[in-house]
Amino acid sequence: MGHIAEVWMLLGQRLAVVLVMGVVGWSCNRGDGGEGGRSLVRVAVAANFAATHQGLVREFELETGIVVETSVGATGYLYAQVANGAPYDVFLAADVDRPRRLEAEGLAVRGTRFTYALGRLALYAPQWDSVRAGDSELRTRPYRHLAIANPRTAPYGSAAREVIERWSLWNRLEPLIVRGENVGQAFQFVESGAAEVGFVALSQVLDRDRHSYWIVPDSLYTSIRQDAVLLRHGEGNVGAEAFLRFLQSDEGRQVIATTGYRLP
């Protein structure tokens, strides 16, 4: 792992600790009604879904008056935080495995899990004149760094590795790979110029120049099914239940569908 990736990893780990400590400390002063008597929902959100989640939260808060507190990170790290007692009410993961495991471990409410989005992968290179078929680009273009999310903790990183391996390029490209703790950091590597090209979530680049990214065919990687679940800490929290219903409403699904995701 390069120096840049190591710095981002340290920053990500410190941010995760700060987020958990902040939420834990704040929960000590929270009653069931939340700040100012308003209902409060704490949501742990996979990094790829952060921007879409912000749009959903704006609509939800306007409609209900319920306040949503958000913590963003890699799915694997958020899972570890929940397992270690972080008081989140809702988990929006980037896979099906962690929410399922939380159910099995008694940390999520059985019967509340559902798939809210199907993630899509893109190859992003804003410094290039255009991005065409990804395998030929990665074989022939000159570049020093390829950014992906950490395959061990981030589903989008796992999908990126799967694509590279299908192209029989992993051994060749591994020395060039810089790993972000989540797909948000992988995107920032490319945006900052620390990496010339990277695998990111399609939702992160929809507002960029269309020539700067290539949508990876769904057939090249295992479907990124993103599951939501009500956590045990949120059981009985009417705001948390309302937020999950909003995700499944026509209005919520429309927001998701227009921000780079397929609907289940």
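Which residue lies over the face of Y79? Select Y79 and look for R101, which lies over the ring face at 4.5 Å from the ring centre. Keep that pair in mind as we walk through this predicted model.

**Getting your bearings**

Colour the protein chain by secondary structure, and you should find eleven helices and ten strands. Colouring by burial is a good second view: buried residues make up 55% of the 264 residues in the chain. The contacts reach far along the sequence, too. Of those with a separation of 6 or more, 76% are between residues 24 or more positions apart.

**Stop 1: the five-stranded sheet**

Now select strands 5 to 9. These five strands form an open sheet with mixed pairing, in the order 7-6-8-5-9. At the edges stand strand 7 (177-180) and strand 9 (213-215); each has a single partner strand, so one side of each is left without a neighbour in the sheet. Turn the view to look along the sheet and you can follow the twist, which averages 25° from one strand to the next.

Begin at the strand 9 edge. Strand 5 (residues 121-124) pairs with strand 9 in the antiparallel sense, over three bridges. To find one residue pair here, select L123 and W214: W214, in strand 9, is the bridge partner of L123.

Then cross to the other edge. Strand 6 and strand 7 run parallel and are joined by four bridges. Here L146 stands opposite I177 of strand 7.

Strand 7 may be an edge strand, but are its faces covered or not? Both are covered: I177 and R179 on one side, and V178 and G180 on the other, are all buried. That layout fits a familiar rule: in a regular strand the side chains alternate between the two faces of the sheet.

**Stop 2: two helices across the sheet**

Add helix 6 (residues 155-166) to the selection. Helix 6 lies across strand 5, strand 6 (146-149), strand 7 and strand 8 (197-201), and its direction makes an angle of about 130° with strand 6. Next, show helix 8 (residues 183-192), which also lies across strands 5, 6, 7 and 8, running at about 145° to strand 8.

While helix 6 is on screen, select R161 and W170. The charged end of R161 sits over the ring of W170, 4.0 Å from the ring centre.

**Stop 3: the aromatic pairs**

Show the aromatic side chains next; a search of the whole structure finds eight aromatic pairs. One of them is Y124 with F187, a stacked pair with 5.7 Å centre to centre and 15° between the planes. Y124 belongs to strand 5 and F187 to helix 8, so this pair ties together parts that are 63 residues apart in sequence. Both partners are buried: Y124 has 1% relative accessibility, and F187 has 8%.

For another geometry, move to W128 and Y143. Their rings are tilted, with 6.1 Å centre to centre and 50° between the planes. W128 lies in the loop between strand 5 and helix 5 (134-140), and Y143 in the loop between helix 5 and strand 6, so the pair ties together parts 15 residues apart in sequence. W128 is buried, with a relative accessible area of 10%, and Y143 is buried as well, at 11%.

Finally, select F49, Y116 and Y261, which ring pairs link into a cluster.

**Stop 4: two helices with a buried side**

Look down the axis of helix 4 (residues 97-104). Which of its residues are buried? They are R98, P99, L102 and E103. These residues cover an arc of only 145° around the axis, which puts them on the same side of helix 4. Among the elements covering them are helix 3 (75-83), strand 3 (90-92), helix 6 and strand 10 (224-230). Just past the end of helix 4, stop at G106, where phi is positive, about 80°.

The last selection is helix 11 (residues 250-257), where G252, V255 and I256 are buried. Viewed down the axis, the buried residues of helix 11 fall within an arc of 100°, so they line one face of the helix. The helix geometry helps here: an α-helix has 3.6 residues a turn, so residues three or four places apart point the same way. To see what the buried residues of helix 11 pack against, show helix 2 (50-64), strand 4 (114-119) and helix 10 (238-248).

Terms used: Residues are numbered from 1 along each chain as its sequence is written. This is a predicted model: local features need pLDDT of at least 70, side-chain atom pairs count only at pLDDT 80 or more; totals for chains, interfaces and linings use all residues. Side-chain values use heavy atoms; hydrogens and water are left out. Two strands pair if DSSP finds at least two bridges between them. Helices (H or I, at least four residues) and strands (E, at least two) are DSSP runs, numbered from the N terminus. Axes are lines fitted to C-alpha atoms, for helices over the stretch in contact, and angles run from 0 to 180 degrees between N-to-C directions. Contact means heavy atoms within 4.5 Å. Buried means under 20% relative accessible area, exposed over 50%, partly exposed in between (1.4 Å probe, protein chains only). The arc is that of the directions from the helix axis to the C-beta atoms. Rings of Phe, Tyr and Trp (its six-membered ring) pair if their centres lie within 6.5 Å; planes under 30 degrees apart count as stacked, over 60 as edge-to-face and the rest as tilted. A charge sits over a ring if NZ of Lys or CZ of Arg is within 6 Å of the ring centre and within 35 degrees of the ring normal.
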